Amino acid sequence: MKLLLDSTRCQGYGLCQEHAPHLVELDEWGYAKVLAVAVPPGAEEAARACAESCPNSALRVEK
């Protein structure tokens, strides 16, 4: 499973980081940076919640 970021859609809400701080970091302006593309075992639910929380669908999970 991978967590993918479309940085052109990110508006800097920071909701993703609240759901998965171990997968997403915010830059100095509040925009998301994905720390790890491959979702580690046990973090699948957090990755899904992270992607679902984004109002602009900037994040998505792929198998």
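Helices and strands here are runs assigned by DSSP, numbered from the N terminus. With that in mind, a first stop is Asp27, which lies in the loop between strand 2 (24-26) and strand 3 (32-34). Before going further, please note that this is a predicted model.

**How confident is the prediction?**

The protein chain has an average pLDDT of 92, and 98% of the residues score at least 70. Where in the chain is confidence lowest, and where is it highest? Strand 3 has the lowest confidence, with a mean of 89, while helix 2 (residues 44-53) has the highest, at 94.

**Asp27 and the charged pairs**

Let us return to the loop that holds Asp27. Asp27 is buried, yet no salt bridge is found for this residue. Which side chain of opposite charge is nearest to Asp27? The nearest is Lys33, 6.5 Å away. A salt bridge needs a side-chain nitrogen of Lys or Arg within 4 Å of a carboxyl oxygen of Asp or Glu, so a separation of 6.5 Å does not qualify. Asp27 does have a polar partner in the backbone: its side chain reaches the backbone nitrogen of Trp29 at 2.9 Å.

Side chains of opposite charge can pair when their charged atoms come close. How many salt bridges does a search of the whole structure find? The search finds two. In one of them, Lys33 meets Glu25, with 3.3 Å from N to O. In another, Glu62 pairs with Arg60, and the closest N and O atoms are 3.1 Å apart.

Are the residues of these bridges buried or exposed? Lys33 counts as partly exposed because its relative accessibility is 38%, and Glu25 counts as partly exposed at 35%. Glu62, at 33% relative accessibility, is partly exposed, and Arg60 is partly exposed at 43%.

**An enclosed space**

Rolling a probe the size of a water molecule over the atoms shows where empty space is left. In this model, a search of the whole structure finds one cavity of 30 Å³ or more. How much space lies in the largest cavity? The value is about 100 Å³. The lining of the largest cavity is made up of 15 residues, and those nearest its centre are Cys10, Tyr13, Gly14, Cys16 and Cys54.

**Helix 2 and the loop that follows**

Ser53 has its place in helix 2. Ser53 counts as buried because its relative accessibility is 15%. The side chain of Ser53 reaches the backbone oxygen of Cys50 at 2.8 Å. Glu52 also lies in helix 2, but Glu52 counts as exposed, at 65% relative accessibility.

The loop between helix 2 and strand 4 (59-62) contains Ser57. Most residues other than glycine have a negative phi, and most peptide bonds are trans. What is the phi of Ser57? It is near 55 degrees, a positive value in a residue other than glycine. Ser57 is partly exposed, with a relative accessible area of 44%. Ala58 lies in the loop between helix 2 and strand 4, and Ala58 counts as buried because its relative accessibility is 4%.

**Pairs separated along the chain**

The table sets out some residue pairs by their separation in sequence and in space.

| Pair | Apart in sequence | C-alpha to C-alpha |
|---|---|---|
| Lys63 and Leu3 | 60 residues | 9.0 Å |
| Glu52 and Cys16 | 36 residues | 8.3 Å |
| Ala58 and Lys33 | 25 residues | 11 Å |
| Leu23 and Val39 | 16 residues | 7.6 Å |

A few words help to place these residues. Lys63 lies in the segment after strand 4, and Lys63 is exposed, with a relative accessible area of 90%. Leu23 is found in the loop between helix 1 (15-19) and strand 2. Is Leu23 buried or exposed? Leu23 counts as buried because its relative accessibility is 1%. Two names in the table have already appeared: Lys33, a partner of Glu25 in a salt bridge, and Cys16, one of the residues nearest the centre of the largest cavity.

Notes:
Residues numbered from 1 in each chain as written. Predicted model: local features only at pLDDT ≥ 70, side-chain atom pairs only at ≥ 80, totals over all residues. Heavy atoms only, no water. Helix = DSSP H or I, 4+ residues; strand = E, 2+ residues; numbered from the N terminus. Buried < 20%, exposed > 50% of the residue type's maximum accessible area, 1.4 Å probe, protein only. Lys, Arg positive; Asp, Glu negative; His and termini not counted. Polar contact = N/O pair within 3.5 Å; in protein donor to acceptor, adjacent residues only side chain to side chain. pLDDT = per-residue confidence, 0-100. 1 Å grid on protein atoms, 1.4 Å probe; cavity = no way out; pocket = protein on both sides within 12 Å on 5 of 7 lines; lining within 4 Å. Points joined across faces, edges and corners; volume = space filled by probe spheres on them.
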